[in-house]
Amino acid sequence: MRFRKIHGAGNDFILLSDLGPDNDNDWSKEAERLCARRTGVGADGLVISRLISDSPAVLEVACFNADGSFATMCGNALRCSAWAAHRDHGFQQMTLQMAGVVHEAVVSDESVWVTAEVGAVLPRRLQAVINGRPTWFDSAHTGTEHVVAIVDDVDAIDAVMVGRLVRHHTDLAPLGTNVNFVQSTGQQALKIRTYERGVEAETLSCGSGAVAAVVVATMRGLVARRAVTVHNRAGEPLTVRPHDARPNRTHWVGGPVTHTFEGVLT
């Protein structure tokens with residue numbers, strides 16, 4: 001099977017596209033094997049993209065985290081799948097289905113955009129001590145579980161240590177959560193660091209985390225309800241903006257997608 005190594009603003013994936021019906025592997029185990037940084041291809045996740053219809057353009061996308069767990073939502077995996085569908089089939093607008101949820105996608109010259117659905121937003125979900133200071137985390141469901149802490153300086157935080165503790169917090173059992181540390185950096189701009197559940201490490205970018213950050217920052221009055229630039233560890237910012245037709249429950253997240261190399265799995 002041929003694969004692409006591709007990343008959405010630093011969030012990297014092994015992408016398999018247009019597999020036949022006989023390709024029904026144990027993708028969870030394959031994700032663990034292939035995503036291992038030292039012994040496999042190396043990635044944050046394995047993405048399986050299947051074309052369901054070309055008129056209209058509809059794809060089914062499945063994402064497995066590096067630890068083999070199934071991702072119910074991954075904004076950057078959707079963006080990478082849309083980029084590949086544009087490259088392979090010429091689609092500019094398409095529908096993507098992930099874990100039973102329908103997402104819109106648009107590919108332009110500079111960015112790939114997908115929609116994320118916003119569910120429950122709960123202020124002050126839990127508290128943790130960061131650098132000796134009690135800090136509240138709000139929760140925001142953006143297709144998957146996220147908590148967000150607004151902090152003064154994201155670079156002063158040990159995102160892996162604190163992220164792992166919060167990810168396994170008893171108040172969030174049994175599912176756990178993705179953990180985001182967010183700093184306001186000016187008008188309509190945020191800076192973010194994300195510890196991702198399933199990768200069990202800090203990632204360079206997280207699409208659903210960027211949406212969660214904007215939702216919480218909007219609730220806290222740090223940004224207005226319009227386009228927000230979210231600066232990540234990769235230095236390749238994502239932009240989050242409300243959906244024109246459904247601004248209260250749907251957001252667009254967009255940014256660059258980079259195709260790094262192709263290969264053959266043996």
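**Cavities**

I began with the cavities, and the largest cavity has a volume of about 60 Å³. I'm working on a predicted model here, so I keep that in mind throughout. How many cavities of 30 Å³ or more are there? I get a count of three.

Next I listed what lines the largest cavity: Ile192, Arg193, Thr194, Thr203, Leu204, Ser205, Cys206, Ala210, Val230, Asn232, Arg233 and Leu238. Which strand gives the most to this lining? I find strand β13 (residues 189-196), with three residues. I sorted the lining of the largest cavity by type and got six nonpolar, four polar and two charged residues.

**Helix α4**

Ala210 is in that cavity lining, and I met Ala210 again among the buried residues of α4, so I looked at this helix next. Helix α4 covers residues 207-219, which makes 13 residues. I checked its length: at 1.5 Å a residue it should span 18 Å, and its end C-alpha atoms are 19 Å apart, which agrees.

Is α4 largely enclosed or largely open? I'd call it largely enclosed by the rest of the structure, because eleven of the 13 residues are buried. I wrote down the buried ones: Gly207, Ser208, Gly209, Ala210, Val211, Ala212, Ala213, Val214, Val215, Val216 and Ala217. Just after α4, I noted that Gly221 takes a positive phi of about 80 degrees.

A reminder to myself from the textbook: an α-helix has 3.6 residues a turn, so residues three or four places apart point the same way.

**Helix α2**

I ran through the same checks on helix α2 (residues 75-89), which has 15 residues. From its first C-alpha to its last, α2 reaches 21 Å, close to the 21 Å expected at 1.5 Å a residue. Eleven of the 15 residues are buried, so I put α2 down as largely enclosed by the rest of the structure.

Which residues of α2 are buried? My list reads Gly75, Asn76, Ala77, Leu78, Arg79, Cys80, Ser81, Ala82, Trp83, Ala84 and Ala85. Just after α2, I found Gly90 with a positive phi of about 85 degrees.

**Cysteines**

Cys80 in α2 is buried, and that got me wondering about disulfides. How many disulfides does the whole structure have? My search finds zero. For the record, a disulfide is a covalent bond between the sulfur atoms of two cysteines.

Why is Cys80 not bonded to its closest cysteine? The sulfur of Cys80 is 8.0 Å from the closest cysteine sulfur, in Cys74, and that is too far for a bond. At 1% relative accessibility, Cys80 counts as buried.

I then checked Cys74 itself. Its closest cysteine sulfur is in Cys63, 4.3 Å away, which is too far for a bond because a disulfide needs the sulfur atoms within 2.5 Å. Cys74 is buried too, with a relative accessible area of 10%.

**Pockets**

Then I went to the pockets. The largest pocket has a volume of about 350 Å³. I found 16 residues lining it, and those nearest its centre are Arg133, Thr135, Ile150, Val151 and Asp152. The elements that give two or more residues to this lining are β10 (133-140) and β11 (146-150). Which one gives the most? I have β10 down for that, with five residues. By type, the lining of the largest pocket divides into nine nonpolar, two polar and five charged residues.

The second largest pocket has a volume of about 240 Å³. I counted 18 lining residues for it, and the closest to its centre are Asn65, Phe70, Ala71, Thr144 and Arg197. Its lining divides into six nonpolar, seven polar and five charged residues.

**Two loop residues**

Phe70 came up again when I looked at Ala99. Leaving aside neighbours within four places in sequence, Ala99 is in contact with Val61, Phe70 and Thr72. Where is Ala99? I see it in the loop between β6 (93-98) and β7 (101-107). I have Ala99 down as partly exposed, because its relative accessibility is 40%. Ala99 and Asn11 are 88 residues apart in sequence, and I get 19 Å between their C-alpha atoms.

Last entry: Ser111, which lies in the loop between β7 and β8 (112-117). Is Ser111 buried or exposed? I note it as buried, with a relative accessible area of 17%. Not counting residues up to four places away in sequence, Ser111 touches Val106 and Gly255.

Note on methods:
Residues are numbered from 1 along each chain as its sequence is written. This is a predicted model: local features need pLDDT of at least 70, side-chain atom pairs count only at pLDDT 80 or more; totals for chains, interfaces and linings use all residues. Side-chain values use heavy atoms; hydrogens and water are left out. Helices (H or I, at least four residues) and strands (E, at least two) are DSSP runs, numbered from the N terminus. Buried means under 20% relative accessible area, exposed over 50%, partly exposed in between (1.4 Å probe, protein chains only). Contact means heavy atoms within 4.5 Å. The expected span of a helix is 1.5 Å times one less than its number of residues. On a 1 Å grid over the protein atoms alone, a cavity is a set of points where a 1.4 Å probe fits but cannot get out, and a pocket is an open set with protein on both sides within 12 Å along at least five of seven lines; lining residues have an atom within 4 Å of a point. Grid points are joined across faces, edges and corners, and a volume is the space filled by probe spheres set on the points. Ala, Val, Leu, Ile, Met, Phe, Trp, Tyr, Cys and Pro count as nonpolar, Asp, Glu, Lys and Arg as charged, and the others, Gly among them, as polar.
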